[in-house]
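Thanks for making the time this morning. I would like to walk you through the cysteines of this protein, and then through a couple of unusual spots in the backbone, so please have a look at the screen.

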Amino acid sequence: MSLNYIKNFYEGCVKPPTVIGQFHTLFFGSVRMFFLGVLGFAVYGNEALHFSCDPDKREINLFCYNQFRPITPQVFWALQLVLVLLPGAIFHLYAACKSINQECILQKPAYTVIYILSVLLRISLEVLAFWLQIHLFGFQVKPIYLCDTELLGKKPNILKCMVPEHFEKTIFLIAMYTFTVITMVLCIAEVFEIIFRRSCFLFKR
């Protein structure tokens with residue numbers, strides 16, 4: 001149902017002027033969103049409920065979980081998807097309002113430059129998200145988290161907390177890193193395809 005909605009929405013918009021761009025849109029819109037929406041909820045949905053420390057008290061568990069997760073991965077990746085989609089969405093909305101088709105984007109220098117800038121902005125946002133993901137989550141989820149409870153006035157100050165399903169979360173992290181790298185590669189390839197097709201158009205004139 002959700003994939004049909006994405007497909008119908010995609011067909012109603014101005015399509016990217018390149019083959020790589022169209023593949024990127026479908027890959028981004030279907031595979032990445034489906035992976036995050038379905039599997040992300042299955043892996044991270046009940047993490048806060050199963051996160052437990054020693055001693056196992058609700059206020060300590062909540063405090064340590066907030067320290068362990070300043071932002072939940074689902075929220076971070078959802079924001080990443082929205083921000084990365086935004087430059088392309090704004091451009092295609094503008095193109096739809098002005099009745100700009102795929103050929104116009106490649107043939108008119110102003111539209112070509114604006115489109116390339118939107119792709120470069122997309123790449124920059126992906127790089128920023130990649131760096132933030134490393135800073136926030138790292139590459140591995142460890143089974144034990146050492147929580148500093150000094151602000152709670154608890155003794156001992158360092159408590160051991162159990163992270164549920166840490167191995168599944170590590171696999172999911174690596175998958176999300178992989179998706180980010182794939183989309184960056186596709187965006188870079190799209191820029192080269194635009195330049196190549198624009199050059200071919202100029203030589204044919």
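The torsion about the S-S bond of C64 and C147 is about -90 degrees, so this disulfide is left-handed. I should say at once that what you see is a predicted model, and that the sulfur atoms of C64 and C147 lie 2.1 Å apart in it. As for where the two partners sit, C64 belongs to helix α4, residues 58-68, while C147 belongs to strand β2, residues 144-148, so the bond ties together parts that are 83 residues apart in sequence. Is C64 buried or exposed? With a relative accessible area of 0%, C64 is buried, and for C147 the relative accessible area is likewise given as 0%, so C147 is buried too.

How many disulfides does the structure hold? There are two, and the other one joins C53 to C161, with an S to S distance of 2.0 Å. Here the torsion about the S-S bond is about 100 degrees, and therefore the disulfide of C53 and C161 is right-handed. This pair, too, links distant parts of the chain, since C53 is found in strand β1, residues 52-53, and C161 in strand β3, residues 158-162, with the two positions 108 residues apart in the numbering. C53 has a relative accessibility of 5%, and because buried means under 20%, C53 counts as buried; C161, at 0%, counts as buried as well.

If you number the bonded cysteines along the chain, the pattern of the disulfides comes out as 1-4, 2-3. One further cysteine to mention is C187, which at 0% relative accessibility counts as buried.

Let me turn now to the backbone. Which residues are joined by a cis peptide bond? They are D54 and P55, with omega at about 10 degrees, and P55 lies in the loop between β1 and α4. To place that loop among the cysteines, recall that β1 is the strand that contains C53 and that α4 is the helix that contains C64.

The other backbone spot is E165, which has a positive phi of about 50 degrees although it is not a glycine. E165 lies in the loop between β3 and α8, the latter covering 166-204, and β3 is the strand that carries C161. The relative accessible area of E165 is 41%, so this residue is partly exposed.

Methods. Residues are numbered from 1 along each chain as its sequence is written. This is a predicted model: local features need pLDDT of at least 70, side-chain atom pairs count only at pLDDT 80 or more; totals for chains, interfaces and linings use all residues. Side-chain values use heavy atoms; hydrogens and water are left out. A disulfide is a pair of cysteine sulfur atoms within 2.5 Å. Helices (H or I, at least four residues) and strands (E, at least two) are DSSP runs, numbered from the N terminus. Buried means under 20% relative accessible area, exposed over 50%, partly exposed in between (1.4 Å probe, protein chains only).
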